[in-house]
Amino acid sequence: MTGHTYRQLFRTPEFTPLFLSVAAQTAAGTVSGLALGTLVYRATDSPLLSAVSMFGPSLAQVLGATFFLSGADRLPPRSALTGLSLAFAAATAVLALPGLPVWGVFAVVLLQGLIALLGGGVRWGLLNEILTKDGYLPGRSLFNMLSGLIQIIGFAAGGALVTVLSPRPVLLLAALLYTTATVITRLGLTVRPPRAGGRPSVAATRRTNAELWSSRPRRLTYLGLWLPNGLVVGCEALFVSYDPDAAGTLFACGALGMLAGDVTVGRLVPPALRPRLATPLLLLLATPYAFFALRPALPLAAVCAALASVGFGASLVQQERLMALTPSELSGHALGLHSAGMLTMQGVSAALAGAVAQLTSSATAMTVMALASIAVTLTLKVAGRADTEREANDFGRVSG
């Protein structure tokens, strides 16, 4: 991958406005998540509720994936993305209301999760449509690098703003950023027809989910995208309770590591080598958190968070494989299902990690989640190797 190729991406029609709108949304999600987690932790002193408030929208993804995901390919992309950004702006403004009870916070968080599900499928399906098929990985790599860079700045700035001001003004800032994304999407994208015919429906969603899930190679790819990643996010969900005063620093260091991983995988690693990196990167993603039971001080904890997050680069390799295994007319739905499953597992893992922390400690819970992620990665590696050997034996018998 060369720098010239990245410059070519920005010369591709509609890539730049999509890039800028995602930048605004990522910034909004970063500062609002930290503000909300801090707000709930101050009100409840509960690691569980703090973790769920930050990652709880992900729990709603499973509902959307079951009932609404067919809209990812059956709705006009510009209209869908504009409406979803506006809805996020309104929901985030509601979270900033003084006196909103904790149950009200979680009701809004659930609504945000349902909104986010459809947005992921529409957005990444549109990216796959804007770029050529061999351009998707560098394009998604660039978006991941953007996300990492904005999260570094957003968590650092958000942590400072939450300390100097309070969480509610930071939530209003996030609502303004979502509104900015709405304007960019509306003015920068052109009108495109839906990628697939027919109306969005529960039946269409279930039928396409079943088709995507029917292939064993796709199933293993989806599980590799969802489970190890989600379990490690459970570790990150405990940053606020692990060190309330330094959570922004830990999140920023994690984002720095993720940026490094995406640059390495998307720009530096030769295409022929990438498929062999998924398992090593997933093991790197979890292993540093296995030592948090020793309760490392902030400098070492920050280094561990940065080093571990390099492993998030595995998702680029896995997404490239998913697209190779999926018909182009189902790309939006397939990527939406990936996003929904990943975010659902992140929400489940955040809740599980919070529950373990409630019974033990945040440090112990992080180690438990890391060990579970390592075990899942190794299990999936063995399952994939068994498939490869079976295919080789079948080919040998046919050739003979």
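Phe15 is buried in this predicted model, its relative accessible area being 0%. Because buried is set at under 20% relative accessible area, that value places Phe15 within the class without ambiguity of rounding.

Phe15 takes part in an edge-to-face pair with Phe143, with 5.5 Å between the ring centres and 70° between the planes. Phe15 belongs to helix 2 (residues 15-44), while Phe143 belongs to helix 8 (residues 136-164). The two parts are 128 residues apart in sequence, so the pair ties them together. Phe143 is also buried, at 2% relative accessible area.

A search of the whole structure gives 14 aromatic pairs. One of them joins Phe10 and Phe15, again edge-to-face, at 5.3 Å centre to centre and with 85° between the planes. Both angles qualify as edge-to-face because planes over 60 degrees apart are put in that class. Phe10 has a relative accessibility of 37% and counts as partly exposed, whereas Phe15 is buried.

These rings belong to one aromatic cluster, made up of Phe10, Phe15, Phe19, Trp124 and Phe143. At Trp124 the cluster also meets a charge: the charged end of Arg123 sits over the Trp124 ring, 5.8 Å from its centre. The cut-off for such a placement is within 6 Å of the ring centre.

Another arginine is placed over a ring elsewhere in the list of contacts: Arg295 lies over the face of Tyr242, and the distance to the ring centre is 4.6 Å.

Technical notes:
Residues numbered from 1 in each chain as written. Predicted model: local features only at pLDDT ≥ 70, side-chain atom pairs only at ≥ 80, totals over all residues. Heavy atoms only, no water. Phe/Tyr/Trp six-rings, centres within 6.5 Å; stacked < 30°, edge-to-face > 60°. Buried < 20%, exposed > 50% of the residue type's maximum accessible area, 1.4 Å probe, protein only. Helix = DSSP H or I, 4+ residues; strand = E, 2+ residues; numbered from the N terminus. Lys NZ or Arg CZ within 6 Å of the ring centre and 35° of its normal.
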